[in-house]
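Visitor: I'd like a close look at one loop, and then at what surrounds it. Could you walk me through it, bench-side style?

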Amino acid sequence: MKKTSNRYNKYLAAACAALLLVSCDFENINTNPFEMTDEEGVMDGVAVGGLITSMEKTVFPVGTQADDTDIINMYQTDYHLSADYWSGFFGQNNSWSGGNNNTTYFLIDGWISGTYTRSYTNLLDPWKKLKAASEKNGTPEVYALAQILKISGWHKTLESFGPMPYSHAADATMNIPFDAEKDIYASMFQDLASAVEVLTEKAENGVSVMANYDAVYAGDAGKWVKYANSLMLRLAMRVRFADEELAKRYASLALNHTIGVMTSKDEEARMSVGAGITFRNNIEWLSEQYNETRMGSSMFSYLLGYEDPRLSAYFKPVDADCQFGQEAFDGKKYQAIPAGHTYSQNDVYKSFSKPNIQAATPTYWLRASEVYFLRAEAALVWGAAFGNVDELYRQGIEMSFQENGVTASVEEYMNAEKTPVKHEVGGSYSCSFAAPCATTVKMEGTPEQKLEKIMIQKWIALFPNGQEVWTEWRRTGYPKLNPVMVNRGWTQGADTEKGIRRMIYPTSFYQTQDGKAIYEAALKLFNDGQGGEDKSSTRLWWDCKR
């Protein structure tokens with residue numbers, strides 16, 4: 001991250017200003033500064049199509065060369081130095097704010113404000129406009145697509161913060177109340193089911209939807225149905241410890257649909273080139289240009305320990321001048337940066353393993369390998385009606401190999417009896433972490449041991465989608481991760497072992513009288529209506545497995 005104060009002040013100020021207006025200025029909070037105005041859309045003849053593209057670019061912030069580094073910087077502070085980092089995927093060759101930042105569990109207000117703005121606020125305005133346009137023009141398929149895109153972004157807000165506005169989000173009111181998490185999930189399921197119904201009819205009749213403006217599927221309604229069903233399955237498994245009946249109902253609905261869920265690589269939801277976008281991967285820039293993003297300690301332990309053939313697909317060997325590389329099974333040397341350190345940028349960490357991500361590598365929303373692991377978990381807990389857990393688990397690994405261009409034998413990998421290894425670094429930046437677990441890849445053991453194996457392999461397959469991994473780690477407790485070196489977030493509730501359970505609300509939420517009233521009402525919704533504190537240790541509704 002270069003020129004921190006200059007690069008981020010204007011974006012943090014804009015984010016805080018927008019958040020401040022949640023309860024006091026409906027028009028301004030619903031204005032996305034990166035969205036075209038009504039006048040611009042009408043003038044260019046792309047009002048509706050441009051809104052679809054805008055929402056797609058916001059599910060995860062992605063940009064082009066024309067955006068310079070603005071979007072990259074937003075992604076870094078919104079997601080990469082929080083969820084991507086807490087997932088165990090990455091380490092950072094830098095520290096910020098004197099070591100008091102998200103990587104050491106001290107949540108910076110401006111950064112979490114950005115997370116809320118980019119995952120929630122910037123989707124609200126185009127969604128509302130698409131809703132109105134769909135109703136005016138009699139195009140329910142456009143609204144169905146908008147609903148899917150809205151939920152694709154908003155479920156991340158929900159799983160980062162907790163209660164948020166949903167049922168009244170479209171109301172033209174100055175004071176938008178927050179909904180309870182369980183009510184939002186119920187609404188999301190209903191909204192997804194309705195969208196699937198509309199788009200299924202289009203798919204069965206060969207009708208494309210907004211093809212010229214759809215950067216994900218180029219208007220393929222059938223693939224949008226598969227994605228929506230897969231997203232429904234993801235969210236169903238998310239809530240299974242909190243409401244098993246609800247989870248099972250919507251998992252069944254998704255899996256038994258006539259079009260079904262993702263099963264192949266070409267069905268994955270991703271942002272790259274398309275709809276006129278010249279795409280640039282955020283993480284590649286953070287690694288190659290800022291020289292900050294490197295392999296994370298937990299990734300080192302699992303990939304080297306398992307002799308995982310995805311190692312070289314995910315990370316590059318250390319630089320030639322690195323003195324601390326550890327030789328792996330492929331004959332190359334790798335090294336990772338530990339989590340939660342407070343060291344400034346330095347040449348030692350700079351020489352460690354970079355992510356093997358190119359400028360054109362897509363940003364993935366959801367892939368078929370994840371769906372196989374979701375199905376494996378469903379089969380594990382609900383039985384044969386959901387499939388064969390062993391076969392679905394194997395298919396998940398096989399699909400992940402395919403997605404990453406790996407041709408190694410899945411059977412040999414599963415039966416190798418390898419386990420994670422310790423992670424150590426010597427010299428001035430020394431650290432040592434014991435192996436996080438002794439779990440093998442082979443699908444055997446008790447139901448809980450099988451769940452751990454499913455989640456470990458799902459974690460590996462999800463790379464580099466840290467947001468989803470952080471959420472699933474909180475839900476299940478797996479995989480076991482190497483801890484942070486320093487915990488500076490204890491005043492906000494953070495526990496070194498339990499990590500960050502949620503982001504606290506931005507301070508702008510309670511800086512006005514009306515905002516404070518809504519904020520305090522939101523806190524009463526935690527713990528299934530019993531109330532809770534605005535701390536990073538407060539568990540969300542679905543985070544109830546002990």
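Visitor: Where does V486 lie?

Guide: V486 sits in the loop between α20 and α21 (513–523). Helices here are DSSP runs of H or I with at least four residues, strands are runs of E with at least two, and both are numbered from the N terminus. Before we go on, bear in mind that this is a predicted model: local features need pLDDT of at least 70, side-chain atom pairs count only at pLDDT 80 or more, and totals for chains, interfaces and linings use all residues. Residues are numbered from 1 along each chain as its sequence is written, and side-chain values use heavy atoms, with hydrogens and water left out.

So, V486 itself. With a relative accessible area of 25%, V486 is partly exposed, a class that falls between buried (under 20%) and exposed (over 50%), using a 1.4 Å probe and protein chains only. Leaving out neighbours within four places in sequence, V486 is in contact with T104, G340 and T342, where contact means heavy atoms within 4.5 Å. There's a long-range pairing too: V486 and G99 are 387 residues apart along the chain, yet their C-alpha atoms are separated by 8.8 Å.

Follow the contact to T104 and you land in another loop, the one between β1 (90–92) and α7 (109–137). T104 has a relative accessible area of 0%, so it counts as buried. Beyond residues up to four places away in sequence, T104 touches G99, G340, H341, T342, V486, N487, R488 and G489. For a sense of scale, T104 and M262 are 158 residues apart in sequence and 37 Å apart in space, C-alpha to C-alpha.

Now back to α20, on one side of the V486 loop. α20 gives the most to the lining of the largest pocket, five residues. A pocket, on a 1 Å grid over the protein atoms alone, is an open set of points where a 1.4 Å probe fits, with protein on both sides within 12 Å along at least five of seven lines; lining residues have an atom within 4 Å of a point. About 680 Å³ of space lies in this one, a volume being the space filled by probe spheres set on the points, which are joined across faces, edges and corners. Of the 33 lining residues, W473, G477, E497, K498 and R501 are the closest to the centre. Besides α20 (466–476), α6 (83–86) and α13 (297–305) each supply at least two lining residues. By class, the lining has 15 nonpolar, nine polar and nine charged residues; Ala, Val, Leu, Ile, Met, Phe, Trp, Tyr, Cys and Pro count as nonpolar, Asp, Glu, Lys and Arg as charged, and the others, Gly among them, as polar.

One more stop: K458, found in helix α19 (residues 447–462). Its relative accessible area is 1%, so K458 is buried. Not counting residues up to four places away in sequence, K458 touches E370, F373, L374, E472 and R475.

And if you're wondering about cross-links, a search of the whole structure finds zero disulfides, a disulfide being a pair of cysteine sulfur atoms within 2.5 Å. Take C431: its sulfur is 12 Å from the closest cysteine sulfur, in C322, which is too far for a bond. C431 is buried at 10% relative accessible area, whereas C544, at 31%, counts as partly exposed.
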